[in-house]
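Student: I have a new model open and don't know my way around yet. Can we walk through it together?

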Amino acid sequence: MMRQFELVERVKAYDPTADEDAINRAYVYAMKMHGSQKRASGDQYFSHPIEVAGLLTRYRLDSAAIITALLHDTVEDTSATLEEIGSLFGPEIVRLVDGVTKLTRLELQSDHTKQAENLRKLVLAMSEDIRVLLVKLADRTHNMRTLHFMGNPDKRRRIALETMEIYAPLAERIGMHEIKAELEDLAFAELHPEARDSLMTRLGYLREQGGDLITRIQAELRKNLAESDIKAEVSGREKTPFSIWQKMQKKNVGFEQLSDIMAFRIVVDSIEDCYRALGVIHSRYPMVPDRFKDYISTPKPNGYRSIHTGVFGPERHRIEVQIRTEDMHEEAELGVAAHWSYKDKGKSAGPRTNGANPVDGRGYRWLRELLDIMEHASNPEEFLEHTKLEMFQDQVFCFSPKGDLINLPRGATPVDFAYAVHSQIGDTCVGSKINGRMMPLRTQLKNGDQVEIVTSKAQTPNPTWERFVVTGKARARIRRFIRLQQRAQYLDLGRAILTRAFRQEGYELTDKALDGVLKIFKAATPDDLMAIVGEGIHTGNEIVAAVYPELKTKPANPDGMPTIGKRKTNKEKVSGVPIKGLISGMAVHFAGCCHPLPGDRIVGIVATGKGVTIHTIDCENLEQYIDTPERWLDLSWDDTEGEVHVGRVMLLVVNEPGILVAITTVIAKNMGNITNLKITNRSQEFFDLIIDIEVRDVKHLTNIIAALRATPSINSVERAKN
Ligand code: MN
């Protein structure tokens, strides 16, 4: 465990003006508060905050961040209070400790919603002060290092997953490559222990085969550069098991082909030397296609600058080479911290901060974008989905006609570009010119493309865009638009269904009637409830049954749809069943599986005590009665004038706004009455729809089906049997 004076010395080494007294007081305070608490490893609990603080000295963080690291678990795990910390260490520290504590509280939650909520809070906290994220990342790093001591495997897995999905990408976003690599590798060891073990074995074998390969290659690179009079530091390393594994997955290469496992770094004095060194490397060794990336002329969004290339290097080994200056190297190692941690005055604040207060997270474009997505996502899960999407992707760099650089994830389209420039431009874009030529909006952009967006005030987001956009921002905006539009449709449809369902039982639909059952159906307002019905989450009959529990509910139906012909099963109606061949007085049910309609060929199945169930002759369920022919009744329809029956149709429909209205209009025009509607298997592109329609007979239903088939965006329509 690091001693008090060691920690202070480390901080003083890079920041002679550090508040030594405050660090000492924080050290003692934390030690006193944690007392005899133990970690799962058996270590003194207090060793944890010390390690976290120690990790941060590597990034030359200011006293406030170091003190926050020391205190970060006191409020959550000891009797310490924020008030007390405030009186001892002042408002800045309280704010930081409070930020970290809030995140810790959320962390202990397991379910997905809470995880998403955690990310939301994290984004908010770090947008206030990016140091909260730095302390949190150091905290997570130490917890991951000691993860194997934790007894509960589910919890270990959960923490590892969260690390992989959220913290590692965040570390990368702020340019802390070392922490990112370590977090990934530790999480990898927990999530895929076998894969990691076999990779380690293979690496060990290659190492044995190659001898001191890294040293030899390093020496040869150094010699080549020296011959061209380039002063350079050359270092080499094996890539981490996780980064190798990731590459194997991405490129789908097998274990035996695994050769690209070494990376070399060349650090030179000037940008000019970077390109000269690159020239030397490329003239001596064959280039691996597609591996060259110039992040000096176009830095990554996190500010990262370097030249990357891949070559068949010394001894024909495939190697990766990174070339950069000392300054770039420092930035790459320290990430965000390089721009504002204590350092010699006179260096620039870096391109990302625009001279604003560097701890203010809103100075970072990507963080502003996350906040923006957050504002427009309908729920935390959606936010999580968008941000995960965003954080994991490779980048392409495109330009506006004015020459502004826009970074986008690989696979991005002009629509993504438009939204990245401004939400309004995204919402109203109608076309795009790529490098001067009109191109479809779904075209995938390439590095260096110049993109011009054509807009029209009359345009609104097109839901089909959602199928090809890749940025969280575009997706969130489009979904929001669809949601608003869909809701209006669902509301209309739900109101119609409910009005009918209420009338059927002799009541009028009023907001007041719905008020009493809002809670049951998790709706906030009567409108909400109607929209829920319109969306097919609950049926009209379910709502009526809840509002009037005194109405005896009919036998439960597994899919929540009403059984057809319900009203005709009422005792007093039995005599009116328009079917020939029945013994009078017998109870009659229409089968829920095949929904017989006048015009269908039908049979009756007699069940003792339950009367007769009527099926269509081709109903698959009849098979089970084959061995009991005595139960079959040969029936036919009588005059059915004026009677209505419920038929069921199944549709496969393109998921686009307006489609529900189109469907209901077609049905209404053909004199059909929708009694219920249920959406199943909703995907981005399609959904399945089950609709119950009151019709006169089978011919009537066939007409409606034909009309639906003629409607655009309806993929298929079938009469539902079973
Ligand atoms: Mn902690």
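Tutor: Start with a term: a charge sits over a ring if NZ of Lys or CZ of Arg is within 6 Å of the ring centre and within 35 degrees of the ring normal. Keep in mind that this is a predicted model.

Student: OK, so what does the charged end of Arg58 sit over?

Tutor: The ring of Tyr59, with the charged end 5.7 Å from the ring centre.

Student: And what does Arg39 lie over?

Tutor: The face of Tyr45, at 5.6 Å from the ring centre.

Student: Switching to the metal. Which residues coordinate the manganese ion?

Tutor: Two histidines and two aspartates: His48 and His72 each give NE2, while Asp73 and Asp139 each give an OD atom. The distances run from 2.2 to 2.3 Å.

Student: How are the donor residues spaced in sequence?

Tutor: The pattern for the manganese ion is H-x23-H-D-x65-D.

Student: Are His72 and Asp73 buried or exposed?

Tutor: Both His72 and Asp73 are buried.

Student: Now the nonpolar core. Which residues touch the most other members of the largest one?

Tutor: Leu71 and Ile85, in a core of 97 residues. That core takes at least three residues from domain 1 (4-191) and at least three from domain 2 (195-337).

Student: What does Leu71 touch, leaving out residues up to four places away in sequence?

Tutor: On that count, Leu71 is in contact with Ala26, Tyr29, Ala30, Ile85, Phe89, Ile93 and Val97.

Student: How many residues are in the other core?

Tutor: That core, which lies apart from the largest one, has 47 residues. Phe502, Tyr548, Leu597 and Leu701 are among them.

Student: Why group side chains like that at all?

Tutor: In soluble globular proteins, nonpolar side chains tend to be buried together.

Student: On to the rings. How many aromatic pairs does the structure hold?

Tutor: There are 9 aromatic pairs. One of them is Phe188 with Phe242: the ring centres are 5.4 Å apart and the planes stand at 65°, so this pair is edge-to-face.

Student: Where do Phe188 and Phe242 sit in the chain?

Tutor: Phe188 is in helix α11 (residues 177-191) and Phe242 is in helix α14 (residues 241-251), so the pair links distant parts of the chain, 54 residues apart. Phe188 and Phe242 are buried.

Student: Which residues do ring pairs link into a cluster?

Tutor: Phe188, Phe242 and Trp245.

Student: What about the rings of Phe502 and Tyr548?

Tutor: Their centres are 5.9 Å apart and their planes are at 75°, so that pair is edge-to-face. Phe502 is in helix α21 (residues 472-504), and Tyr548 is in the loop between α24 (540-547) and β11 (579-580).

Student: Is Tyr548 buried or exposed?

Tutor: Tyr548 has 13% relative accessibility, so it counts as buried. Phe502 is buried with a relative accessible area of 0%.

Student: Last topic, the backbone. What is phi of Asn435?

Tutor: Phi of Asn435 is near 50°, which is positive in a residue other than glycine. Asn435 is in the loop between β8 (429-434) and β9 (437-439). Its relative accessibility is 47%, so Asn435 counts as partly exposed.

Student: And where is His595 found?

Tutor: In the loop between β12 (588-590) and β13 (602-607). His595 has a positive phi of about 50°, although it is not a glycine. At 1% relative accessibility, His595 counts as buried.

Conventions:
Residues numbered from 1 in each chain as written. Predicted model: local features only at pLDDT ≥ 70, side-chain atom pairs only at ≥ 80, totals over all residues. Heavy atoms only, no water. Core = buried A, V, L, I, M, F, W, Y, C linked by side-chain atoms within 4.5 Å. Buried < 20%, exposed > 50% of the residue type's maximum accessible area, 1.4 Å probe, protein only. Domains from an automatic or database assignment. Contact = heavy atoms within 4.5 Å. Donors = N, O, S within 2.8 Å, 3.2 Å for Na, K, Ca; no water. Helix = DSSP H or I, 4+ residues; strand = E, 2+ residues; numbered from the N terminus. Phe/Tyr/Trp six-rings, centres within 6.5 Å; stacked < 30°, edge-to-face > 60°.
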